[in-house]
Amino acid sequence: MSDDWFMITGCFMVQMIEQNIAEIRALFESKLRVRGASLAVQLRKARRHLPRAVRRDVTYLVETAELSQNPKLVRMVDTARIARAHRNTVAFLENVDLREQRITGLINVVAAIALAILVTAALVIYVLVQRGYVGPGL
């Protein structure tokens, strides 16, 4: 193969990577409300909101973006893995409902507080029964 073919393919690949990253960055901003100067910064901020597989895919996309800056290293990039990582990430981010996540988090906090109050009340009643302040004999 000639170097011209690699230059054309490399330019196409760099453009594809940049488009994929731009789309994912826009989804991070709109769906997760995560802003940053680059995808790497956004990934660092959104880490706890992403499943492990999606984090791994986005990390790979960040690494390929760095490799794509060098024309000779862009040949090392696996286009099938880029497409799969992009597809998985977009599929996850499209299904994210921030309002639902906040409501679920609020319900979990309220449930934890209610459980703590219930256990504390049961413990107080148990102590009162053991000391004889409350019970059938009174």
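## Overall dimensions

The protein has a radius of gyration of 26 Å, whereas a compact globule of 138 residues would have one near 14 Å. This value, like the others in this report, refers to a predicted model. The C-alpha trace spans about 100 × 25 × 25 Å along its principal axes.

Of the 138 residues, 26% count as buried. The protein exposes about 9,800 Å², and carbon and sulfur atoms supply 60% of that area. Among contacts with a separation of 6 or more, 53% join residues 24 or more positions apart.

## Secondary structure

The protein has five helices and zero strands. Read along the sequence, the pattern is α-α-α-α-α.

Two of the helices can be compared with their expected spans. Helix α5 has 34 residues and should span 50 Å at 1.5 Å a residue; its end C-alpha atoms are 50 Å apart, so the expected and modelled spans agree. Helix α3, residues 52-67, has 16 residues and should span 22 Å; the distance between its end C-alpha atoms is 23 Å, which agrees.

## Burial in helices α3 and α1

The buried residues of α3 are V54, D57, V58, Y60, L61, V62, T64 and A65. The list includes the polar or charged names D57, Y60 and T64 alongside V54, V58, L61, V62 and A65. For reading such a list, it is useful that an α-helix has 3.6 residues a turn, so residues three or four places apart point the same way.

In helix α1 lies N20. N20 counts as buried because its relative accessibility is 12%, under the 20% cut-off. Beyond residues up to four places away in sequence, N20 touches I82 and H86.

## The loop after α1

R33 is found in the loop between α1 (3-32) and α2 (39-45). R33 has a positive phi of about 60 degrees, although it is not a glycine. With a relative accessible area of 53%, R33 passes the 50% cut-off and is therefore exposed.

R33 nevertheless has partners elsewhere in the chain: leaving aside neighbours within four places in sequence, it is in contact with F28 and L98. R33 and L98 are 65 residues apart along the chain, and their C-alpha atoms are separated by 8.6 Å. L98 is also the residue at which α5 (98-131) begins.

## The end of α5 and the nonpolar patch

Just after α5, G132 takes a positive phi of about 90 degrees. Y133 also belongs to the segment after α5. The relative accessibility of Y133 is 57%, so this residue counts as exposed.

Y133 takes part in a nonpolar surface patch of about 540 Å². The other residues of the patch are V124, I125, L128, V129 and V134. Among these, V124, I125, L128 and V129 have numbers that fall within α5 (98-131).

How values were computed:
Residues numbered from 1 in each chain as written. Predicted model: local features only at pLDDT ≥ 70, side-chain atom pairs only at ≥ 80, totals over all residues. Heavy atoms only, no water. Helix = DSSP H or I, 4+ residues; strand = E, 2+ residues; numbered from the N terminus. Expected span 1.5 Å × (residues − 1). Buried < 20%, exposed > 50% of the residue type's maximum accessible area, 1.4 Å probe, protein only. Patch = residues over 30% accessible without salt bridge, like charges linked within 9 Å, V, L, I, M, F, W, Y side chains within 5 Å. Areas by Shrake-Rupley, 256 points an atom, 1.4 Å probe, with all protein chains shown as cover. Salt bridge = Lys/Arg side-chain N within 4 Å of Asp/Glu carboxyl O. Rg over C-alpha atoms; globule rule 2.2 N^0.38 Å. Contact = heavy atoms within 4.5 Å.
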